[in-house]
Amino acid sequence: MRYKIFTLFAALTLSAGALFASDTAVDGIYYDFDATNLTATVTYRGSNSGSYADEYTGNVVIPATVTYGGNTYSVTSIGSSAFYKCSGLTSVTIPNSVTSIGGSAFSGCSGLTSVVWNAKNCADFSSDSGAPFYTIVSQITSFTFGSEVEHIPAYLCYGMENLTSVTIPNSVTSIGSSAFSGCSGLTSVTIGNSVTSIGDEAFSGCTKLINIVCYAAEQP
């Protein structure tokens, strides 16, 4: 009976507007749902980011859409501290639908080593400290960009000193400022043929970078 009452309450809340759903998991991922705009934000379990530990473990693949309460939502954001201190998280795949990621989203994820980035047009991050992987940059060894990515946000891979190679696909048209700054272990970069702009200091501090393959056409 308690479950039925909760389900009824959730359905009523959804019809009225936004639902704070940090205790609502779909296929193991917790969301806040906005029933007005039919968007979803990946979040943590409980009332605050420290309520639980390791609610996310292993390989987490965030979907582009999620169905809940009879509605289909577009997953457009990852909330602040969404994966906070999930030390058992080893890899994460971010979908093309994500346009924003909150501060410290992956702070304390001490086991995270691999990221698959499919976010098509995610907003720039304002500084290295505001980038989602800022506190764990030294441990990330693999960062893969999907074939639909159009913009690589500023400061995205700032300070990832254990990255050795990066391939930027042909879909990418712009690389943000300091996107790979401080990647001191980076030795090889391949830049696709659609890039028309590269931000200031995008590869600053990449002291071992000796192999650059650039297919981008010369700009007037």
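Two strands count as paired if DSSP finds at least two bridges between them. With that in hand, let us walk through this predicted model, beginning with one such bridge: threonine 41 has serine 77 as its bridge partner in S7.

## Strands S3, S4 and S7

Threonine 41 is a good place to start. On one side, S4 pairs with strand S7 (residues 71-78) in the parallel sense, over four bridges. S4 also pairs with S3, here in the antiparallel sense and over five bridges. In that second pairing, aspartate 32 is the residue opposite threonine 41 in S4.

S3 and S4 form a hairpin with four residues between the strands, and in this hairpin leucine 38 adopts a positive phi near 55°. Leucine 38 belongs to the loop between S3 and strand S4 (39-43). Its relative accessible area is 36%, which makes leucine 38 partly exposed. Beyond its neighbours within four places in sequence, leucine 38 is in contact with Asn71, Thr72, Tyr73 and Ser74. Another pair to look at is leucine 38 and threonine 65: they are 27 residues apart in sequence, and their C-alpha atoms are 9.8 Å apart in space.

## The whole protein

Stepping back, the protein has one helix and 17 strands. Of its 220 residues, 45% are buried. The accessible surface comes to about 10,200 Å², and carbon and sulfur atoms account for 50% of that. Among contacts between residues at least 6 apart in sequence, 45% join residues at least 24 apart.

## The nonpolar core

Which residues of the largest nonpolar core touch the most other members? They are Phe83, Phe106, Trp117, Phe133 and Phe143, out of 60 residues in this core. Strand S3 (residues 29-34) supplies the largest share of the core, with four residues.

Phenylalanine 133 shows how these residues come together. Leaving out residues up to four places away in sequence, phenylalanine 133 touches Ile94, Phe106, Leu112, Val115, Trp117, Ile140, Phe143, Leu156 and Met160.

## Serine 91 and valine 166

Leu112, one of the contacts of phenylalanine 133, is also among the residues that serine 91 touches. Serine 91 sits in strand S8 (residues 89-94). Is serine 91 buried or exposed? Its relative accessibility is 15%, so serine 91 counts as buried. Its side chain has a polar partner: the side chain of asparagine 59 makes a polar contact with that of serine 91 at 2.6 Å. Apart from residues up to four places away in sequence, serine 91 touches Gly58, Asn59, Val60, Leu112 and Ser114.

Valine 166 lies in strand S13 (residues 165-168). With a relative accessibility of 2%, valine 166 counts as buried. The contacts of valine 166, again without residues up to four places away in sequence, are Phe145, Phe180, Leu186, Ser188, Val189 and Thr190. Ser188 can also be placed by distance: valine 166 and serine 188 are 22 residues apart in sequence, while their C-alpha atoms are 6.5 Å apart in space.

## The salt bridge

Side chains of opposite charge can pair when their charged atoms come close. How many salt bridges does the structure hold? There is one. It joins the side chains of lysine 120 and glutamate 150, at 3.7 Å from N to O. Lysine 120 is in the loop between strand S10 (114-117) and strand S11 (142-145), and glutamate 150 is in the loop between S11 and strand S12 (151-152), so the pair ties together parts that are 30 residues apart in sequence.

Here are the residues discussed above, with their relative accessibility.

| Residue | Relative accessibility | Class |
|---|---|---|
| Lysine 120 | 33% | partly exposed |
| Glutamate 150 | 29% | partly exposed |
| Leucine 38 | 36% | partly exposed |
| Serine 91 | 15% | buried |
| Valine 166 | 2% | buried |

## A sheet of three strands

S12 brings us to one last feature, an open sheet of three strands in the order S12-S14-S16, with parallel pairing. The edge strands are S12 and strand S16 (197-198), each of which pairs on one side only. Strand S14 (residues 174-175) pairs with S16 in the parallel sense over two bridges. In this pairing, isoleucine 175 stands opposite isoleucine 198 in S16.

Definitions and conventions: Residues numbered from 1 in each chain as written. Predicted model: local features only at pLDDT ≥ 70, side-chain atom pairs only at ≥ 80, totals over all residues. Heavy atoms only, no water. Salt bridge = Lys/Arg side-chain N within 4 Å of Asp/Glu carboxyl O. Buried < 20%, exposed > 50% of the residue type's maximum accessible area, 1.4 Å probe, protein only. Core = buried A, V, L, I, M, F, W, Y, C linked by side-chain atoms within 4.5 Å. Contact = heavy atoms within 4.5 Å. Areas by Shrake-Rupley, 256 points an atom, 1.4 Å probe, with all protein chains shown as cover. Polar contact = N/O pair within 3.5 Å; in protein donor to acceptor, adjacent residues only side chain to side chain.
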